[in-house]
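The exercises below concern a single protein chain. Each sets a task and then works through the solution step by step.

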Amino acid sequence: MSRYTRSVLQPDERVTFEGRLHWVMYLPGVWWLIVGAAVVVLVRMFDRDGTIFGPYANLLAVPFVLPGLYRIAKAAFIQWITEIVVTDRRVIQKTGFIARDTAEMNIHQVESVEVTQTVVGRILGYGTIRVHGTGHGLEALAFVASPLKLRTAITAR
């Protein structure tokens, strides 16, 4: 359980489920790294003796590797700062690091939980969750791992 969740729990409130974001968030960054590695391999195959590019062949991968590393770091940061917690009394959603965005809904105010999964999302086990309550709803969270388990944790009373 995270520090934020521990700080907002009420007396005798217990956590029943902790959601997390899926590893598929890292795929765009990994894709950029693979393209960068492919560029280096192709350049080395094309210029075996190093007469065209010389020692600078690896620099051709930089425009691909840097965005890839950035996207991987960004996905790791988003995964680190996002909390999805279901307690016996409420649903808590928190994103943000310095500027924090939190949403809480009393578990008895939940009317429905919408789960959206693509074909790939069903195969890999991730989806988008949106909790609808009386009068308002929580912001949609994409790339939630095991969204059906989260839905069950919210709706089972």
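## Exercise 1: The three-stranded sheet

In β7, Val-144 is the bridge partner of Gly-127. Task: state which strands form the open sheet of three and in what order, and which strands stand at the edges.

Solution. Some conventions come first. The model is predicted, so local features need pLDDT of at least 70 and side-chain atom pairs count only at pLDDT 80 or more, while totals for chains, interfaces and linings use all residues. Residues are numbered from 1 along each chain as its sequence is written, and side-chain values use heavy atoms, with hydrogens and water left out.

Step 1. Helices (H or I, at least four residues) and strands (E, at least two) are DSSP runs numbered from the N terminus, and two strands pair if DSSP finds at least two bridges between them. Strand β6 (residues 126-133) is joined to β7 by three bridges, and the two run antiparallel.

Step 2. The order of the open sheet is β5-β6-β7, with antiparallel pairing. The edges are β5 (110-116) and β7 (141-145); each has a single partner strand, so one side of each is left without a neighbour in the sheet. On average, neighbouring strands of this sheet are turned by 40 degrees against each other, direction ignored.

Step 3. Angles run from 0 to 180 degrees between N-to-C directions, with axes being lines fitted to C-alpha atoms, for helices over the stretch in contact. Contact means heavy atoms within 4.5 Å. Helix α5 (residues 147-155) lies across β5, β6 and β7 and runs at about 175 degrees to β5.

## Exercise 2: The four-stranded sheet

Task: determine the strand order of the open sheet of four strands and describe the hairpin formed by β3 and β4.

Solution. Step 1. The order is β1-β2-β3-β4, and the pairing is antiparallel. At the edges stand β1 (15-19) and β4, each with a single partner strand, so one side of each lacks a neighbour in the sheet. From one strand to the next, the twist averages 15 degrees.

Step 2. β1 and β2 are joined by four bridges; Val-15 has Thr-87 in β2 as its bridge partner. Six bridges pair β3 with strand β4 (residues 101-106), and Val-91 is matched with Met-105 in β4.

Step 3. Five residues lie between β3 and β4 in the hairpin, and Gly-96 in the turn has a positive phi of about 105 degrees.

Step 4. α5 also lies across β1, β2 and β3, running at about 35 degrees to β2.

## Exercise 3: Two residues and their surroundings

Task: decide whether Arg-90 is buried or exposed, and do likewise for Thr-82.

Solution. Step 1. Buried means under 20% relative accessible area, exposed over 50%, and partly exposed in between (1.4 Å probe, protein chains only). Arg-90, in strand β3, has a relative accessible area of 9% and is therefore buried.

Step 2. A polar contact is a pair of N or O atoms within 3.5 Å; within protein, one must be able to donate a hydrogen and the other to accept it, and residues adjacent in sequence count only if both atoms are side-chain atoms. The side chains of Arg-90 and Glu-13 form such a contact at 2.9 Å.

Step 3. Thr-82 lies in the loop between α3 (62-81) and β2 (83-87). Its relative accessible area is 12%, so Thr-82 is buried. A polar atom of the Thr-82 side chain lies 2.7 Å from the backbone oxygen of Ile-78. Not counting residues up to four places away in sequence, Thr-82 touches Leu-21, Lys-94, Thr-95 and Leu-141.

## Exercise 4: Empty space

Task: find how much space lies in the largest cavity and in the largest pocket.

Solution. Step 1. On a 1 Å grid over the protein atoms alone, a cavity is a set of points where a 1.4 Å probe fits but cannot get out, and a pocket is an open set with protein on both sides within 12 Å along at least five of seven lines; lining residues have an atom within 4 Å of a point. Grid points are joined across faces, edges and corners, and a volume is the space filled by probe spheres set on the points.

Step 2. The largest cavity holds about 70 Å³. Its lining has 13 residues, with Ile-84, Gln-93, Ile-129, Val-131 and Leu-141 nearest its centre.

Step 3. The largest pocket holds about 270 Å³. Its lining includes Thr-82, Lys-94 and Gly-96, and α1 gives the most to that lining, with three residues.
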